[in-house]
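Subject: Structure handover and what was found in it

Dear colleague,

Here is the structure I promised to pass on to you. Please open it alongside this message, since the notes below are meant to be read with the coordinates on screen.

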Amino acid sequence: MNFLDPLFLTALLKIIGVNIVLSGDNAVVIALAARSLAGKQQKKAIFWGSGAAIVLRIILTVFAVKLLAFPWLKIIGAALLLWIGIKLLVPEEDGADIAGHSNLLAAVKTILVADLVMSVDNVIAVAAAADAAPAEFKFTLLVLGLAISIPLIIFASTLLMKLMERFPIIITLGAALLGFVAGEMAITDPVSAEWIKQNVGWMHYVVPALGAATVVIVGKLLAKRHEVRAAPGTPSTL
């Protein structure tokens, strides 16, 4: 396997990118669950909780990649990925209610369970990014991509969150990347992939670009609507 192959490197960068963009909430959960522990125990909770979550997420993503081989599932996955990208651009209410734990095992359990519950979007996005790569690269891409990006999120989560707050363009570019990956996924569904390849090959360039544009435009419009509703003095629609 050639690790310098452009297809391999492109897919790896996609996996790392979508995982970093989508894992901000996971990083917050890790911090909240471990906040009541003493210094050394905090590090242990983060290490063991995140390590277990990485292993389970790799397993889930491998299954997701296998499922994408069935007809129509890529189209469904693409639609979900478009919505995930749009949702990324819309501000959410701050409703996190994650308990801090003074017990190491309880904190690890909370990190693991919360990470898995919140990882549906990550699994779909990473599976989609890996699916676009040649078959011989897929498993290696999943392991490498998640092994590189998740520790980066864990140990640099504060820095990443500050960068995203200071440079919102990072979030917009990440959402556009999800839309692009969704477009790639949709046109490679077994139902239509061969027909598209033989008759309208240009769709391999246009549909991913349309996916990226759709996510950004719809996401920005919904975000603007959310801001208007949240503004002081705005009449309630209820």
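The notes that follow go from the overall make-up of the protein to individual helices and residues.

Please keep in mind throughout that this is a predicted model.

**Overall make-up**

The protein contains 10 helices and zero strands, so that reading along the sequence gives the pattern α-α-α-α-α-α-α-α-α-α. Of its 238 residues, 41% count as buried, and the accessible surface comes to about 13,300 Å², with 71% of that area belonging to carbon and sulfur atoms. If one takes the contacts between residues at least 6 apart in sequence, 86% of them join residues that are at least 24 apart.

**Helix α4 and its partner α8**

Helix α4 spans residues 73–89, and helix α8 spans residues 169–186. Their axes come within 8 Å and cross at roughly 170 degrees; angles over 145 degrees count as roughly antiparallel, and α4 and α8 are therefore roughly antiparallel to each other. On the α4 side the residues that meet α8 include Lys74, Ile75, Gly77, Ala78, Leu81 and Leu82, while on the α8 side the residues that meet α4 include Ile171, Thr172, Gly174, Ala175, Leu178 and Gly179. Further along, the list of contacting residues also includes Leu88 and Leu89 in α4, and Met185 and Ala186 in α8.

One of the α8 residues in this list, Thr172, may be worth a look on screen. Thr172 is buried, with a relative accessible area of 12%, and, leaving aside its neighbours within four places in sequence, Thr172 is in contact with Leu89, Val216 and Lys220.

**The salt bridge**

How many salt bridges does a search of the whole structure find? The search finds one, and it is formed by Lys14 with Glu184, whose closest N and O atoms are 2.7 Å apart. Lys14 lies in helix α1 (residues 6–22) and Glu184 in helix α8, so the pair ties together parts of the protein that are 170 residues apart in sequence. Lys14 is itself buried, with a relative accessible area of 12%.

**A nonpolar patch on the surface**

Leu67, Phe70, Trp72, Leu73, Ile75, Ile76, Leu80 and Val191 form a nonpolar patch on the surface, and together they have about 730 Å² of accessible area. Which helix supplies the largest share of this patch? That share, four residues, comes from helix α4. Ile76, which is found in α4, is partly exposed, with a relative accessible area of 47%.

Trp72, another member of the patch, is found in the loop between α3 and α4. Trp72 is exposed, with a relative accessible area of 53%, and it has a positive phi of about 75 degrees although it is not a glycine.

**Helix α3 and residues far along the chain**

Helix α3 covers residues 39–67 and includes Phe63. Phe63 is exposed, with a relative accessible area of 54%, and its C-alpha atom is 8.8 Å from that of Ala127, although 64 residues separate the two in sequence. Lys44 also has its place in α3, and at 47% relative accessibility it counts as partly exposed. Not counting residues up to four places away in sequence, Lys44 touches Gly49 and Leu104; the C-alpha atoms of Lys44 and Ala107 are separated by 9.8 Å, the two residues being 63 apart along the chain.

Is Ile111 buried or exposed? Ile111, which lies in helix α5 (residues 104–117), is buried, with a relative accessible area of 0%. The C-alpha atoms of Ile111 and Ala53 are separated by 7.9 Å, with their positions 58 residues apart along the chain.

With kind regards

Technical notes:
Residues are numbered from 1 along each chain as its sequence is written. This is a predicted model: local features need pLDDT of at least 70, side-chain atom pairs count only at pLDDT 80 or more; totals for chains, interfaces and linings use all residues. Side-chain values use heavy atoms; hydrogens and water are left out. Patches are made of residues with over 30% relative accessible area and no salt bridge: like charges are joined within 9 Å, nonpolar side chains (Val, Leu, Ile, Met, Phe, Trp, Tyr) within 5 Å. Accessible areas come from the Shrake-Rupley method with a 1.4 Å probe; for residues, only the protein chains shown count as cover. A salt bridge is a side-chain nitrogen of Lys or Arg within 4 Å of a carboxyl oxygen of Asp or Glu. Helices (H or I, at least four residues) and strands (E, at least two) are DSSP runs, numbered from the N terminus. Buried means under 20% relative accessible area, exposed over 50%, partly exposed in between (1.4 Å probe, protein chains only). Axes are lines fitted to C-alpha atoms, for helices over the stretch in contact, and angles run from 0 to 180 degrees between N-to-C directions. Angles under 35 degrees count as roughly parallel, over 145 as roughly antiparallel, 65 to 115 as roughly perpendicular and the rest as oblique. Contact means heavy atoms within 4.5 Å.
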